[in-house]
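Grab a viewer and work through these exercises with the model below. Each one has a task and then a solution in steps.

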Amino acid sequence: PVLDTEDAWVSVEGPVSIVELALEQKRIHYPLVEHQFLLCTILYAIMRLSLKGVKPLSLFDNKGKNAFFKDLTSIQLLPSGDMDPNVLSIRQQFLLKVVSAAVQTLCSSQKDKEVSEEEYFPFEKGKNWPTLAADLAQYLQISEDLVRRHYVCELYSYGMDHLGEE
């Protein structure tokens, strides 16, 4: 971008302006940032829902694993559309665990104290874990319908039929 400056500012001495510093920065590779964000979301779900036995890096193929340790400004090979069936199976199991843990946490908290999801997760108002799992399914190349069906089955199995019908 071209920055027009007035003549009075040309002769000013001092540190470099923040605009000039920002323009000198290298451009980031946005798909690599999305890839990093996907890992962060997975790690947060594992931590928040206390999922045991999940190995986050097993959800990615070799290209995906290697991309995590590169500079965000570099152009990296990211996972393509063709994915190993074993990795897809591990991803599917992970998403179903997230949904099951979210429903179990919600139901146990409501039975114990009769509190809402917003009160149980105070810093996550409006965060719906099953919906997040369905959104992650799109990035992880898993059928969203499969995740939603599992959510409904979990709601029915915990006796929350009114939510399952919705």
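**Exercise 1.** Work out which pattern the chain follows when read along the sequence.

*Solution.* Start by walking along the sequence: the pattern is α-α-α-α-α-α-α-α-α. Next, the tally: nine helices and zero strands, where helices (H or I, at least four residues) and strands (E, at least two) are DSSP runs numbered from the N terminus. Keep in mind that this is a predicted model, with pLDDT of at least 70 needed for local features and 80 or more for side-chain atom pairs, while totals for chains, interfaces and linings use all residues. Numbering runs from 1 along each chain as its sequence is written, and side-chain values use heavy atoms, with hydrogens and water left out.

**Exercise 2.** Find what share of the 166 residues is buried, then look at the contacts and the surface.

*Solution.* First, buried residues make up 32% of the chain; buried means under 20% relative accessible area, exposed over 50%, and partly exposed in between (1.4 Å probe, protein chains only). Second, take the contacts (heavy atoms within 4.5 Å): of those with a separation of 6 or more, 66% link residues 24 or more positions apart. Third, the accessible surface is about 11,400 Å², with 55% belonging to carbon and sulfur atoms. That area comes from the Shrake-Rupley method with a 1.4 Å probe, and for residues only the protein chains shown count as cover.

**Exercise 3.** Identify the residues that touch the most other members of the largest nonpolar core.

*Solution.* A nonpolar core is a set of buried Ala, Val, Leu, Ile, Met, Phe, Trp, Tyr and Cys residues joined through side-chain atoms within 4.5 Å. Of its 29 residues, Ile-42, Leu-51, Phe-94 and Leu-95 touch the most other members. Now ask where the core comes from: helix 3 (30–48), helix 5, helix 7 (129–139) and helix 8 each supply at least two residues. Helix 5 gives the largest share, eight residues. Finally, zoom in on Leu-51: leaving aside neighbours within four places in sequence, its contacts include Phe-94, Lys-97 and Val-98.

**Exercise 4.** Explain why the buried residues of helix 8 line one face.

*Solution.* Helix 8 (residues 144–157) has 14 residues and reaches 20 Å from first C-alpha to last, close to the 20 Å expected (1.5 Å times one less than the number of residues). Its buried residues are Val-147, His-150, Glu-154 and Leu-155. Seen down the axis, they fall within an arc of 140 degrees, so they line one face; the arc is that of the directions from the helix axis to the C-beta atoms. At the start of the helix, a side-chain oxygen of Ser-143 comes to within 3.3 Å of the backbone nitrogen of Asp-145.

**Exercise 5.** Track down residues with a positive phi in the loops, and say whether Gly-159 is buried or exposed.

*Solution.* Begin with Gly-159, just after helix 8, where phi is about 80 degrees. This glycine sits in the loop between helix 8 and helix 9 (161–165) and is exposed, with a relative accessible area of 54%. Next comes Gln-141, not a glycine, with phi near 60 degrees; Gln-141 is in the loop between helix 7 and helix 8 and is partly exposed at 36% relative accessible area. Last is Ser-50, also not a glycine, with a positive phi of about 55 degrees, in the loop between helix 3 and helix 4.

Conventions: A polar contact is a pair of N or O atoms within 3.5 Å; within protein, one must be able to donate a hydrogen and the other to accept it, and residues adjacent in sequence count only if both atoms are side-chain atoms.
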